[in-house]
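Visitor: I am new to this structure and should be grateful for a close look at a single part of it, beginning where the chain begins. Please then place that part in its wider setting.

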Amino acid sequence: MTAQQLIEDFRAFERSLALRAAMELDLFTRIGAGTGRIPVLASDSRVSQHGISVLCDYLTAQGHLIKQKGRYSLTPNSRKYLASSSPTFIGPAVRFLANNETVKAFCQLRERVKRGGSRTSANGSEWINFAHWMAPLARPVAESMAEVIVTTRGPVTVLDLAAGHGLYGLAVAARNPSAQIFALDSPPVLAVAAENARRAGVGKRWKRLPGDVFKTNFGRLYDLILAANLAHHFDETENIRLFAKCLAALKPGGQLVLVDFVPNPDRVSPVADASFALTMLATTKHGKVYTFKEYSSMLRAAGFSSVRRLDRWVIRSLSPKKIAHP
Ligand SMILES: C[S@@+](CC[C@H](N)C(=O)[O-])C[C@H]1O[C@@H](n2cnc3c(N)ncnc32)[C@H](O)[C@@H]1O
């Protein structure tokens with residue numbers, strides 16, 4: 001690594017926050033729609049011409065915009081990912097990933113390293129924002145999960161734990177027209193998921209189960225329980241308790257599917273999964289990323305008999321065929 005690359009790392013937060021500001025100002029969408037001149041961009045966004053021109057020049061220098069004869073336009077990448085007209089628009093995710101709470105948490109990283117975590121975890125309004133802004137990132141993962149786990153078009157009941165935007169349950173509903181989905185999360189988060197369910201046209205096949213994964217009675221037996229990006233918020237003891245509760249709510253032969261960051265045993269690769277451990281340290285009380293071996297041992301401790309990794313993100317464990325339910 002050169003000194004110059006290191007200096008760019010020192011200032012990396014500027015890159016995220018410039019993208020967040022651009023997203024908050026709808027800048028890429030406006031430029032994509034043909035508003036490429038500073039005076040018009042400034043008056044449309046109700047900001048100073050000096051401010052918007054410095055931001056646009058920065059984004060050009062960083063490779064997100066093109067500037068020719070004083071007019072800005074989108075690069076192929078920013079057209080694909082950062083303009084709201086694109087079907088692969090993921091821009092809003094930066095508003096969650098670089099939100100004030102997370103940035104503040106990272107400003108206190110030294111204390112969190114010392115303590116081994118944060119005093120608090122994400123609050124309700126952060127999860128509402130997550131449900132609004134992270135859905136575009138979740139969609140491809142949810143679809144590939146559904147592709148590997150949905151093997152029947154017959155009637156199945158599915159519990160989508162901590163559903164967030166609801167896209168994981170909805171991806172199962174899309175692949176199996178007889179699947180009935182129960183989505184569990186807090187009421188305001190479920191309101192966001194309900195809007196996604198309405199758009200997906202699943203009708204009465206999607207139902208809300210407002211509550212808390214540890215306290216709320218799951219209400220019935222399920223063929224499939226989904227826990228996407230949930231277990232990394234908890235320590236091993238909490239996860240074993242949660243997995244045991246899931247096992248008790250599964251029909252014999254039913255499956256619990258985890259979708260999560262799963263680093264290699266070295267805990268330093270792949271980069272995204274390994275790096276997520278630091279996000280958990282900075283932003284949660286007890287959250288961690290777990291290796292497949294660690295998930296496997298927590299699932300077995302909870303009573304699951306068969307645990308398999310189906311792809312990079314997806315771990316499936318089966319309930320024993322002859323489990324005795326009360
Ligand atoms: C990281 S998001 C995951 C959402 C979605 N499953 C996904 O993978 O994108 C975590 C979600 O868990 C919910 N959550 C956290 N703790 C919970 C609990 N104890 N009971 C119910 N939901 C919880 C939050 O409201 C939030 O929607």
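Guide: Methionine 1 counts as exposed, because its relative accessible area is 73%. In this description, buried means under 20% relative accessible area, exposed means over 50%, and partly exposed lies in between, with a 1.4 Å probe and protein chains only. The model is a predicted one, in which local features need pLDDT of at least 70 and side-chain atom pairs count only at pLDDT 80 or more, whereas totals for chains, interfaces and linings use all residues. Residues are numbered from 1 along each chain as its sequence is written, and side-chain values use heavy atoms, with hydrogens and water left out.

Methionine 1 is placed in the segment before α1 (3-10). Together with Leu6, Ile7 and Phe10, Met1 makes up a nonpolar patch on the surface, and the accessible area of these residues together is about 450 Å². A patch is built from residues with over 30% relative accessible area and no salt bridge; nonpolar side chains (Val, Leu, Ile, Met, Phe, Trp, Tyr) are joined within 5 Å, and like charges within 9 Å. The areas come from the Shrake-Rupley method with a 1.4 Å probe, and for residues only the protein chains shown count as cover.

Helix α2 (residues 12-24) contains both arginine 20 and glutamate 24, which are four residues apart, about one turn of the helix. Helices (H or I, at least four residues) and strands (E, at least two) are DSSP runs, numbered from the N terminus. Arginine 20 and glutamate 24 form a salt bridge in which the closest N and O atoms are 3.0 Å apart. A salt bridge requires a side-chain nitrogen of Lys or Arg within 4 Å of a carboxyl oxygen of Asp or Glu. Arginine 20 is buried, because its relative accessibility is 14%, whereas glutamate 24 is partly exposed at 41%.

Serine 16 also belongs to helix α2. With a relative accessible area of 30%, serine 16 is partly exposed. Its C-alpha atom is separated by 7.3 Å from that of valine 94, although their positions lie 78 residues apart along the chain.

The bridge in helix α2 may be set beside others, since nine salt bridges are found in a search of the whole structure. Arginine 199 and glutamate 195 form one of them, with 3.7 Å between the closest N and O atoms. These two residues are four residues apart in helix α13 (residues 187-200), so about one helical turn separates them. Arginine 199 is exposed at 59%, while glutamate 195 is partly exposed at 29%. Both belong to a network of salt bridges that links Glu195, Arg198 and Arg199.

Another salt bridge pairs aspartate 223 with lysine 251, whose closest N and O atoms are 3.1 Å apart. This pair links distant parts of the chain, 28 residues apart: aspartate 223 is in strand β6 (residues 222-228) and lysine 251 in strand β7 (residues 250-259). Lysine 251 is partly exposed, with a relative accessible area of 30%.

As for the wider setting, the protein chain has 16 helices and nine strands. Its radius of gyration is 22 Å, close to the 20 Å that the globule rule gives for 326 residues, so the chain is as compact as a globular protein of that length. This radius is taken over C-alpha atoms, and the rule is 2.2 Å times the number of residues to the power 0.38. Of the 326 residues, 43% count as buried.
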